[in-house]
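Student: Could you take me slowly through the metal site, please? After that, work outward into the rest of the fold, and keep it chatty.

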Amino acid sequence: MVPDSAPRIGLGWDRHALVEGRSCILGGVEIPNEVGPKGHSDADALLHALCDAMLGAAGLDDLGTLFPDTDPKWKGAASTQFVEAAVSLLHAQNLVVASADLVVICDSPKLAPHRAAIRANLAQMLDLPVSRVNLKGKTTEGGFGGAVEVQAVVILIAARKA
Ligand code: MG
């Protein structure tokens, strides 16, 4: 039997179209840009992928099941709320995030000028040192059709000995 203290890995993915007239919020950081992710909440694809990685690792339902985009309660919601809720669900199971790594794929906005701010914000939300949270931006030379896609992996560990 695998011990309950063994680490758990989770994978998350999200993709949103980038459209005019939407704020561009990624990782909880507002980025000045002509287009932003379309969606029911603030459409922060980065935080959505992160949440799904956390929830997946914990064996919980995914983000869309817990916070359905048919629920008016979540219209325009800040996705930082979803991260806070996911962290609480992990804590209820005696789990914490030990590290996270993300890939953000889009041609616009350029991530590099905002990478440090996003990384710091993620570290703060997950109560981790910055060295345990990382992200990289990838561009596709126009091959991506005006969207932002995010892949996230996290490792969960037991918060304390049971
Ligand atoms: Mg999403």
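**The metal site and its surroundings**

Tutor: Sure, let's start with the spacing: along the sequence, the residues that donate to the magnesium ion follow the pattern D-x1-H-x31-H. That stretch of 31 bridges distant parts of the chain, since Asp 14 sits in strand β1 (residues 8–20) while His 48 belongs to helix α1 (residues 45–57), 34 residues apart. Keep in mind that this is a predicted model.

Atom by atom, the magnesium ion is held by an OD oxygen of Asp 14, NE2 of His 16 and ND1 of His 48, with distances of 2.1 to 2.2 Å. Notice that the two histidines use different nitrogens, NE2 for His 16 and ND1 for His 48. Water is not among the atoms, so the site may look incomplete. As for the surroundings, Asp 14 and His 48 are both buried.

Stay with helix α1, which runs over residues 45–57, and go on to its neighbour in β7. Val 154 is placed in strand β7, and counts as buried because its relative accessible area is just 1%. Setting aside sequence neighbours within four places, Val 154 makes contact with a long list of residues: Arg 8, Ile 9 and Gly 10, then Leu 50, Ala 53, Met 54 and Ala 57, and finally Val 97, Ser 99 and Ala 100. Strand β1 covers residues 8–20 and helix α1 residues 45–57, while strand β5 covers 95–105, so you can place those contacts yourself. For scale, the C-alpha atoms of Val 154 and Pro 109 are separated by 24 Å, with the two positions 45 residues apart along the chain.

Now the cysteines. How many disulfides are there? The count is 0. Cys 51 can't form one because its sulfur is 18 Å from the closest cysteine sulfur, that of Cys 24, which is too far for a bond. Cys 51 is also buried, at a relative accessible area of 0%. Cys 106 isn't in a disulfide either: its nearest cysteine sulfur, again in Cys 24, is 7.2 Å away. With a relative accessible area of 4%, Cys 106 is buried too.

Next, the aromatics. Searching the whole structure turns up 3 aromatic pairs. In one of them, the ring centres of Phe 67 and Trp 74 are 4.9 Å apart and the planes meet at 85°, so the pair counts as edge-to-face. Both Phe 67 and Trp 74 are buried. Ring pairs also bring in Phe 82, joining Phe 67, Trp 74 and Phe 82 into a cluster.

On to the sheet. Strands β5 (residues 95–105) and β6 (residues 133–138) pair in parallel over 6 bridges, and Val 103 faces Lys 136 of β6. To get from β5 to β6 the chain goes through helix α4 (residues 115–126), giving a right-handed β-α-β crossover.

Finally, the loops, where the backbone does a few odd things. Most residues other than glycine have a negative phi, and most peptide bonds are trans. Against that background, the peptide bond between Ser 108 and Pro 109 is cis, with omega at about 0°; Pro 109 lies in the loop between β5 and α4. On the other side of α4, Asp 127 has a positive phi near 55° without being a glycine. Asp 127 sits in the loop between α4 and β6 and is exposed, at 70% relative accessibility. Glu 141 also has a positive phi, about 55°, and isn't a glycine. You'll find Glu 141 in the loop between β6 and β7 (147–158), exposed at 76% relative accessibility.

One last loop residue: Gln 93, between α3 (80–92) and β5. Gln 93 is partly exposed, with a relative accessible area of 37%. Apart from neighbours within four places in sequence, Gln 93 contacts Ala 58 and Leu 60. The C-alpha atoms of Gln 93 and Arg 22 are separated by 36 Å, and the two residues are 71 apart along the chain.

Conventions. Residues numbered from 1 in each chain as written. Predicted model: local features only at pLDDT ≥ 70, side-chain atom pairs only at ≥ 80, totals over all residues. Heavy atoms only, no water. Donors = N, O, S within 2.8 Å, 3.2 Å for Na, K, Ca; no water. Helix = DSSP H or I, 4+ residues; strand = E, 2+ residues; numbered from the N terminus. Buried < 20%, exposed > 50% of the residue type's maximum accessible area, 1.4 Å probe, protein only. Disulfide = S-S within 2.5 Å. Phe/Tyr/Trp six-rings, centres within 6.5 Å; stacked < 30°, edge-to-face > 60°. Pairing = 2+ DSSP bridges. Right-handed = clockwise from strand over helix to strand, strands pointing away. Contact = heavy atoms within 4.5 Å.
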